[in-house]
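Biologist: I'd like to learn how to read a protein model. Could you walk me through one, feature by feature?

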Amino acid sequence: MNPNETFNYGTYEEGGEDVEDVEDFDDFIENNNTGIDYYAILNVPKSATQLEIESAYKNLCVLYHPDNHSSDVNKSVARKQFQKIKKAYDVLGNEKNRIIYDKYGEKGLDKTWDVGPLYKTPEQVLEEFGKQVKFKKELGLEHILKSKGEIKLMLDASGQISPPLPPPPPSLYGPRHPYLPRYGYGYSPLPSSPLSSASPPKPVSRGLADVFRLPKLQSSFIYHSWQNNITSRDSINITGQVYSHRNLNIVSVIGTLSHTISSSLATEISTCFGTQPYLQGRLIKKFSNDGFISTAATALTPAAPPMLTFVAGRQLAPYCTGTIAYNTGFYTLGKWGRQIRPMEGSSVTLAVIRNKSKTNIQGSVTAGLMESHIRLSYIKSLTKHLKLRMYTILSSLTGSNFGISVDRKITKFTRLGFGIGCSSNIGFTVQIKYYRLGQAITIPIILSHDLTIHILFWGSLIPISAAYFIDQYILIPYQKNDMQRKINIVKTANSEILAQRKQEAEDSIKLMAEIVQRKIDIEKKNNGLIIIEALYGNTKLIKKMKKLLYKQNKPNKPLPKEIINVTIPLQNMINKSQLHLGGYSKSSLIGFYDPCFGKEKTLRVVYSFQNKIHLVEVGEKIPLFAPLNDHLIEDSYELPEDLTF
């Protein structure tokens, strides 16, 4: 088996941390470099020039070229390392191969890509290669992931029955402002939508039947959209949606064709077939990097002029964008439209969006003839896998609505969410949402139509406590055990590769011992950089070291299996009293190997420079530059008596 090959993950190809800290198998795959990093082999940064790459290659050839060794044992060791060095140079020394490797890694180099001699510039090579990657992905049916869908089932578990409500006026389900999502596309007409401006009727109790009867399905909503790029400038989107609430049924199919005229101008046309058909055209013009305008015309019927919407937006500050929109609503031109009942009033909307790193805040104020409202939303990524969402709506037509939810990443493609909501129109609800690969199942459950303190307290406490219990005592333990099981499978399946890499690293250290001693002698004469001790391995074990050197912490005890001594290979990388390690996996450095596969790793270096002791600890993919004044040790460290420079 070739130790240079990428590990085999079998069926666990889903995208170093300790298993106690990792929440899913994707983190393990991402943080454990299972292939060979060519930049690490040559010990050059990713920004290195071709001259720097060539210089690093020539320096390594001095030690690792087989012809520079006399004994058969040393020739064999050098030959194995030289093959890796030569392969790294062949990739990074070739501009086309380097571009592909930087973008797609080793897997990109394993493919046969006919980018041809025509594409001579890096931009042309990357563009053509990207097209071929996209084409092969589409052949693999990965374009299916462009589809999105949702099934929403609202259940009434309040144990109360309300008299049937009248159907809504047509305007409530007509097209909204083009810059806002229509119902079913980010917004669904749930019963919380105003069916009447009157107060909700007083609920009727079912008595003992409330206890034994299952929740009643109050409304259902199904939505699915599919998008595909026809050309580099044209795309098509088809959306189908069905909504049902008692005797009200709405079915529609919406088709949208988008065309990019230039980098600053785009158009789209949409048509809806079904219960409430319409035709819409839209034009978007971008004036600068921080400003745009758009205009849209929506025709519901030939008997009335189309409703117009104008939107202007610009960047107000870094990470902050503001928009203003005006919707004409229904109007008449002479006799055109007089025979049609008004379906939507004019309105003006001011909106501000702040999107920075892990936080998204949106707020809008709408003043209209038929409805005015204020909307606020807050989204915060609490951790890599946990997201908080909050919203509130104050409307002149629907009353007040408030909701808070948390969704958690379960696997690479799966999220599970839980939330609670209060509505003056519906009451108190809890919501469960399951999301996978663009498809979502949402189940809002009405617990009570009354918003009393008693209902709010127990309705919030019990579901939140249950969600916390499930997360802490079921989901997290299951994920940890499942990930550890997968890691063990990968480790067992690749045990031969791990063993060979360990043996190669140990053989390399023996090979470089003589030249390292000469480098130390040179550094001593110049009071230069000398590595006193360098340890690499399990972060938790290294962090427990309270004294300067390992022999002070554990006298007369060998290093644990999950920590290795890399003093010699690190000293070999010093050039003119300078040590530079890039932001790559250190397990790929010559003389290194992974001693604790699947766990977080740290490099701890104790070195002397100008007769002063320095100490530095860096993570697996954190660059290291030495010497630095920041590495000077504190007086609290006790120096060993036999320490020499």
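Modeller: We'll go through strands, a helix, a core and a few backbone details in turn. Keep in mind that this is a predicted model.

Biologist: Let's begin with strands. Which strand does E16 pair with, and over how many bridges?

Modeller: To read a pairing, look for the two strands, their direction and their bridges. Here strand E16 (residues 399-411) pairs with strand E17 (residues 414-423) in the antiparallel sense, over 10 bridges. For one bridge you can find yourself, take isoleucine 404, whose partner in E17 is isoleucine 420.

Biologist: And how many residues are there in the hairpin that joins E16 to E17?

Modeller: That hairpin goes through 2 residues. Now keep following the chain. E17 is joined to strand E18 (residues 427-436) by 10 bridges, and these two run antiparallel. The hairpin from E17 to E18 goes through 3 residues. Two pairs to look up: glycine 421 stands opposite threonine 429 in E18, and leucine 416 has tyrosine 434 in E18 as its bridge partner.

Biologist: Which strand pairs with E18 over 9 bridges?

Modeller: That's strand E19 (residues 439-448), again in the antiparallel sense. Valine 430 has isoleucine 445 in E19 as its bridge partner. E18 and E19 form a hairpin with 2 residues between them, and leucine 437 in that turn has a positive phi of about 50°.

Biologist: Now sheets. In what order do the strands of the open sheet with E20 and E21 come?

Modeller: An order is read across the sheet, strand by strand. The 4 strands go E21-E20-E23-E24, with antiparallel pairing. Strand E21 (563-565) and strand E24 (612-619) have a single partner strand each, so they stand at the edges and one side of each has no neighbour in the sheet. From one strand to the next, the twist averages 15°.

Biologist: Can you show me one pairing in there?

Modeller: Sure. Strand E20 (residues 529-538) pairs with E21 in the antiparallel sense over 3 bridges. One bridge partner to find is asparagine 565 in E21, which sits across from leucine 535.

Biologist: On to helices. What span should helix H3 have, and what does the model show?

Modeller: You can check a helix against its expected rise. H3 (residues 50-64) has 15 residues, and at 1.5 Å a residue it should span 21 Å; its end C-alpha atoms are 21 Å apart, so the two agree.

Biologist: Which residues of H3 are buried?

Modeller: Ile53, Ala56, Tyr57, Leu60, Cys61, Leu63 and Tyr64 are buried. Looking down the axis of H3, you'd see these buried residues fall within an arc of 160°, so they line one face of the helix. The face turned away from that buried side carries Leu51 and Val62, which are exposed.

Biologist: Why look for nonpolar side chains in the interior?

Modeller: In soluble globular proteins, nonpolar side chains tend to be buried together. In this model, the largest nonpolar core has 53 residues, and Leu42, Leu570, Leu579, Leu603 and Val605 touch the most other members. Beyond residues up to four places away in sequence, leucine 570 touches Ile531, Ala534, Leu579, Leu581, Phe592, Leu603 and Val605.

Biologist: What about valine 618: is it buried or exposed?

Modeller: Valine 618 is in strand E24. Its relative accessibility is 9%, so it counts as buried, the cut-off being under 20%. Leaving aside neighbours within four places in sequence, valine 618 is in contact with Lys586, Thr602, Leu603, Pro623 and Leu624. Valine 618 and valine 605 are 13 residues apart in sequence, and their C-alpha atoms are 8.7 Å apart in space.

Biologist: Last stop, the backbone. Which residues in the loop between H12 and E22 should I look at?

Modeller: Look at phi in residues other than glycine. Lysine 576 lies in the loop between helix H12 (567-572) and strand E22 (579-581), and its phi is positive, about 55°. Serine 577 is in that loop too, with a positive phi near 60°. Lysine 576 is exposed, with a relative accessible area of 73%, whereas serine 577, at 14% relative accessibility, counts as buried.

Biologist: And where is proline 627, and what is its peptide bond like?

Modeller: Proline 627 lies in the segment after strand E25 (624-626). The peptide bond from alanine 626 to proline 627 is cis, with omega near 5°.

Key:
Residues numbered from 1 in each chain as written. Predicted model: local features only at pLDDT ≥ 70, side-chain atom pairs only at ≥ 80, totals over all residues. Heavy atoms only, no water. Core = buried A, V, L, I, M, F, W, Y, C linked by side-chain atoms within 4.5 Å. Buried < 20%, exposed > 50% of the residue type's maximum accessible area, 1.4 Å probe, protein only. Contact = heavy atoms within 4.5 Å. Pairing = 2+ DSSP bridges. Axes fitted to C-alpha atoms, helices over the stretch in contact; angles between N-to-C directions. Expected span 1.5 Å × (residues − 1). Arc of directions from axis to C-beta.
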